[in-house]
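Colleague: I would like to go through this model with you. I will ask what lies behind each label, and you set the values against the cut-offs.

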Amino acid sequence: KKAMTYFVKTGGKRIRPFLIYTFGQLLNLPPSKLNDFALAIECVHLHSLIHDDLPAMDNDDFRRGKPTVHKKFDEATAVLAGDMFQVLSVKTLTDSKMLTHNQKINAIQMLSNANGLQGLIAGQALDIYMKKKSTIKDIEQMYLLKTGALFSLCFNLITILKKFNKKKSAQLKTIGDTFGKIFQVTDDMLDRWGDEKKVGKKINKDSHKANVAYKLNHQECNKYLYQIQNDNNKALQSFFNSNNEGLAYMTSLVDFIVNRVK
């Protein structure tokens, strides 16, 4: 419990729950209906970060400018704290007072898919075993699973509370997938060209891995990122149609992600 509390208090952008609240409210859903989704998805994210920092994975000593959980406590405690965040993500949904039984089942199924062999954990495995010579296409597939699946979940969970036709659902998928790729490519660029003090963790640690930022130069990376952002923008325009407020807010949020320094 101390390790979990410590990690929660180290900060972070909380971009995934923020996405759920923002997108949900743009669709006129009350925050009270979104609380359990926001907490569940952040718990999955916290689990992934604690485990990602472990010596067997990325072996990071610092995150957000503070010692990682296995450095602050010990490796076994970090493993168990990460495990507990996974348990808490599902428990949050099962204990929800705001969701019907069917909505809970659907949410847990979506969460499990995004976190498992169709999502984050599969992406982590690909990341570990990916060769430096892997193609951009291979790396993109890893991004879609490792980072994109959880971002897509932010949008997909909303469909439990508000139904969309096939066209709108396809647009949501594109928005989620491209948002995840944008976030991950920006992360990679920060690892190669970022300011270590601002980033809050060691940089240039991914130079030996399959990584877009180490395959392309800075100009090529910016061009690559712009293309993905353009795809995201087109999907947002189609989804929001005449809702100019929603479109403006979401595009500005994507701009923030692209231009972040940590």
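Colleague: Why does L99 count as buried rather than exposed?

Modeller: One thing to keep in mind is that this is a predicted model. Buried means under 20% relative accessible area. L99 has 9% relative accessibility, so L99 counts as buried.

Colleague: Where is L99 found, and what is it in contact with?

Modeller: L99 is found in the loop between α5 and α6. Leaving aside neighbours within four places in sequence, L99 is in contact with F37, L93, K104 and L161. Contact here means heavy atoms within 4.5 Å. L99 and I160 are 61 residues apart along the chain. Their C-alpha atoms are separated by 9.4 Å.

Colleague: That loop sits between two helices. What makes α5 roughly antiparallel to α6?

Modeller: Helix α5 covers residues 75-94, and helix α6 covers residues 101-115. They pack at an angle of about 160°. Angles over 145 degrees count as roughly antiparallel. Therefore α5 is roughly antiparallel to α6. Their axes are 9 Å apart, and the crossing is right-handed.

Colleague: Which residues make the contact of α5 with α6?

Modeller: From α5 come Q86, S89, V90, L93 and T94. From α6 come K104, A107, I108, L111 and N115. By class, this contact has 5 nonpolar, 4 polar and 1 charged.

Colleague: Now take α8 and α10. Why are they called oblique to each other?

Modeller: Helix α8 (residues 136-156) and helix α10 (residues 166-193) pack at an angle of about 125°. Roughly perpendicular runs from 65 to 115 degrees, and roughly antiparallel is over 145. The angle of about 125° falls in neither range. So α8 and α10 are oblique to each other. Their axes are 7 Å apart, and this crossing is right-handed.

Colleague: Which residues of α8 and α10 meet?

Modeller: On the α8 side they are E140, Y143, L144, T147, G148, F151, S152 and F155. On the α10 side they include L172, I175, F179, F183, Q184 and V185. The contact of α8 with α10 has 9 nonpolar, 6 polar and 5 charged residues.

Colleague: How do you know that Q184 is buried?

Modeller: Q184 has a relative accessible area of 9%. The limit for buried is under 20%, so Q184 is buried. Q184 lies in helix α10. Not counting residues up to four places away in sequence, Q184 touches Y143 and T147.

Colleague: Next, the cysteines. Why is there no bond from C43 to C154?

Modeller: A disulfide needs a pair of cysteine sulfur atoms within 2.5 Å. The sulfur of C43 is 13 Å from the closest cysteine sulfur, in C154, so the two are too far for a bond. The count comes to 0 disulfides.

Colleague: Are C43 and C154 buried or exposed?

Modeller: Buried means under 20%. C43 is at 2% relative accessibility, so C43 counts as buried. C154 has a relative accessible area of 1%, so C154 is buried.

Colleague: Where does C154 lie, and what does C154 touch?

Modeller: C154 lies in helix α8. Not counting residues up to four places away in sequence, C154 touches R16, L19, I20 and I41. C154 and R192 are 38 residues apart in sequence. In space they are 28 Å apart, C-alpha to C-alpha.

Colleague: What makes H51 buried?

Modeller: H51 has a relative accessible area of 17%. The cut-off is under 20%, so H51 is buried. The place of H51 is in helix α3 (residues 31-52). Not counting residues up to four places away in sequence, H51 touches M57, A78, V79, G82 and D83.

Colleague: Finally, two asparagines. Why does N28 count as exposed?

Modeller: Exposed means over 50%. N28 is at 69% relative accessibility, so N28 counts as exposed. N28 is in the loop between α2 (15-26) and α3. N28 has a positive phi of about 65°, although N28 is not a glycine.

Colleague: And how do you know that N241 counts as exposed?

Modeller: The cut-off is over 50%. N241 is at 59% relative accessibility, so N241 counts as exposed. N241 lies in the loop between α13 (218-240) and α14 (244-258). N241 has a positive phi of about 55° although it is not a glycine.

Technical notes
Residues are numbered from 1 along each chain as its sequence is written. This is a predicted model: local features need pLDDT of at least 70, side-chain atom pairs count only at pLDDT 80 or more; totals for chains, interfaces and linings use all residues. Side-chain values use heavy atoms; hydrogens and water are left out. Axes are lines fitted to C-alpha atoms, for helices over the stretch in contact, and angles run from 0 to 180 degrees between N-to-C directions. Helices (H or I, at least four residues) and strands (E, at least two) are DSSP runs, numbered from the N terminus. Angles under 35 degrees count as roughly parallel, over 145 as roughly antiparallel, 65 to 115 as roughly perpendicular and the rest as oblique. A crossing is left-handed if the near helix is turned anticlockwise from the far one by less than a right angle, and right-handed if clockwise. Ala, Val, Leu, Ile, Met, Phe, Trp, Tyr, Cys and Pro count as nonpolar, Asp, Glu, Lys and Arg as charged, and the others, Gly among them, as polar. Buried means under 20% relative accessible area, exposed over 50%, partly exposed in between (1.4 Å probe, protein chains only).
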